[in-house]
Amino acid sequence: MTHDATYVSSERLKAALADPAFAAVPAGAPLLAATGAPMRIVHANDAALALFAARDLADLQDRRLAGADAGARRLTELAASLRPGGPARLERLRFEIDGRVVAPIFMCRRTNEAEPLFIALAAQARAHGPSDHALPVQALTEPRFDALSASLPAAPSSLRFVWRTDSAHRFVALDDALTRALGWPRESLIGTSFLEFAAQAGMDPQARLREALASQRTWSGVEAHWPTADGA
């Protein structure tokens with residue numbers, strides 16, 4: 001494959017990618033565009049085809065994104081459920097491809113058009129397991145992590161921030177927006193279990209956050225009162 005595969009005009013795609021939310025994603029990152037319900041892939045760049053080990057758009061649609069894979073199901077849900085013209089959303093999705101697990105972080109958004117265009121841009125891609133295919137792997141450094149968080153538009157009188165945890169739910173990255181807003185020094189949280197911190201801070205009395213994290217699935221809508229460092 002020597003060029004991007006597309007069923008959508010370059011002008012429409014360029015307009016969709018002009019959203020400020022995508023500015024922090026490295027150039028050349030894996031890019032998917034889709035329309036309709038059920039989701040129909042209308043564009044994939046070379047990096048996206050390589051990520052999914054797909055030959056072309058038809059192969060990507062039929063063999064990689066139309067099955068029961070958890071990542072494919074969630075990507076389809078996002079393509080149908082994100083509000084057209086609404087804020088971008090960061091999601092880590094898990095795919096099993098040819099004996100390896102690929103878990104990209106996608107920046108996702110739907111355009112505000114008569115037929116919304118769903119854009120999924122992989123800000124980070126990690127792979128585990130054997131593979132015969134070249135895979136683009138983006139390192140997500142803390143400055144890039146902060147940039148991704150800052151690029152997410154916030155509703156009036158609200159603040160968006162991002163953190164990252166490992167498989168044991170320990171904090172491994174926090175963006176500056178969180179530490180500035182809540183006053184918790186980064187070094188006091190890195191390496192700490194999010195669940196232990198939540199229990200000590202009393203921010204999850206109904207254990208909804210614990211259940212969401214334990215599910216190992218994408219989740220949203222869990223409310224918690226996160227205290228500031230001075231106890232407010």
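Here is a walk through the fold, its nonpolar cores, one helix with its aromatic neighbours, and a few single residues.

**The chain as a whole**

Keep in mind that this is a predicted model. The protein chain has 232 residues, and 45% of them count as buried. Its secondary structure adds up to nine helices and 11 strands. If you take the contacts in the chain with a separation of 6 or more, 53% are between residues 24 or more positions apart. The accessible surface comes to about 12,000 Å², and carbon and sulfur atoms make up 52% of that.

**The nonpolar cores**

In soluble globular proteins, nonpolar side chains tend to be buried together. In this model, the largest nonpolar core has 29 residues, and the ones that touch the most other members are Leu32, Phe52, Leu60, Leu65, Phe106 and Phe118. Plenty of elements chip in: at least two core residues come from each of strand 2 (31-35), strand 3 (40-44), helix 2 (46-51), helix 3 (57-64), helix 4 (70-81), strand 5 (95-97), strand 7 (105-110) and strand 8 (118-124). Helix 4 gives the largest share, with four residues. There is also another core, apart from this one, with 16 residues that include Ala29, Val42, Leu117 and Leu121.

Phe106 is a good place to click if you want to look around the largest core. Setting aside neighbours within four places in sequence, Phe106 is in contact with Leu51, Phe52, Arg89, Leu90, Glu91, Leu93, Phe95, Ala120, Leu121 and Ala122.

**Helix 8 and its rings**

Which residues of helix 8 are buried? In this helix, residues 194-201, they are Phe194, Leu195, Phe197 and Ala198. Viewed down the helix axis, these buried residues fall within an arc of 160°, so they line one face of helix 8. That goes with a simple bit of geometry: an α-helix has 3.6 residues a turn, so residues three or four places apart point the same way. On the other side of helix 8, Ala199 and Gln200 are exposed. The cover over the buried residues includes strand 10 (163-165), strand 11 (171-174), helix 7 (186-189) and helix 9 (208-214).

Now for the two ends. Ser193 caps the N-terminal end of helix 8, with a side-chain oxygen 3.3 Å from the backbone nitrogen of Leu195. After the helix comes Gly202, which has a positive phi near 70°.

The count of aromatic pairs comes to seven. One of them is Phe197 with Trp226, a tilted pair at 5.9 Å centre to centre and 50° between the planes. Phe197 sits in helix 8 and Trp226 in the segment after helix 9, so the pair ties together parts 29 residues apart in sequence. Ring pairs also join Trp163, Phe171, Phe194, Phe197 and Trp226 into a cluster.

**Single residues**

The table puts side by side the relative accessible areas of some residues discussed here.

| Residue | Relative accessible area | Class |
|---|---|---|
| Pro38 | 71% | exposed |
| Asp56 | 33% | partly exposed |
| Arg74 | 18% | buried |
| Trp226 | 14% | buried |
| Phe197 | 6% | buried |

Where is Pro38? You'll find Pro38 in the loop between strand 2 and strand 3. Pro38 and Ala66 are 28 residues apart in sequence, with 9.4 Å from C-alpha to C-alpha.

Asp56 is in another loop, the one between helix 2 and helix 3. The side chain of Asp56 reaches two backbone nitrogens: that of Ala58 at 3.3 Å and that of Asp59 at 2.8 Å. Asp56 is 13 residues from His43 in sequence, and their C-alpha atoms are 9.8 Å apart in space.

Arg74 belongs to helix 4. Why does Arg74 count as buried? Its relative accessible area is 18%, and the label applies because buried means under 20%. Leaving out neighbours within four places in sequence, Arg74 is in contact with Arg89, Glu91, Leu93 and Thr218. Arg89, Glu91 and Leu93 also turn up among the contacts of Phe106.

How values were computed. Residues are numbered from 1 along each chain as its sequence is written. This is a predicted model: local features need pLDDT of at least 70, side-chain atom pairs count only at pLDDT 80 or more; totals for chains, interfaces and linings use all residues. Side-chain values use heavy atoms; hydrogens and water are left out. A nonpolar core is a set of buried Ala, Val, Leu, Ile, Met, Phe, Trp, Tyr and Cys residues joined through side-chain atoms within 4.5 Å. Buried means under 20% relative accessible area, exposed over 50%, partly exposed in between (1.4 Å probe, protein chains only). Contact means heavy atoms within 4.5 Å. Accessible areas come from the Shrake-Rupley method with a 1.4 Å probe; for residues, only the protein chains shown count as cover. The arc is that of the directions from the helix axis to the C-beta atoms. A polar contact is a pair of N or O atoms within 3.5 Å; within protein, one must be able to donate a hydrogen and the other to accept it, and residues adjacent in sequence count only if both atoms are side-chain atoms. Rings of Phe, Tyr and Trp (its six-membered ring) pair if their centres lie within 6.5 Å; planes under 30 degrees apart count as stacked, over 60 as edge-to-face and the rest as tilted.
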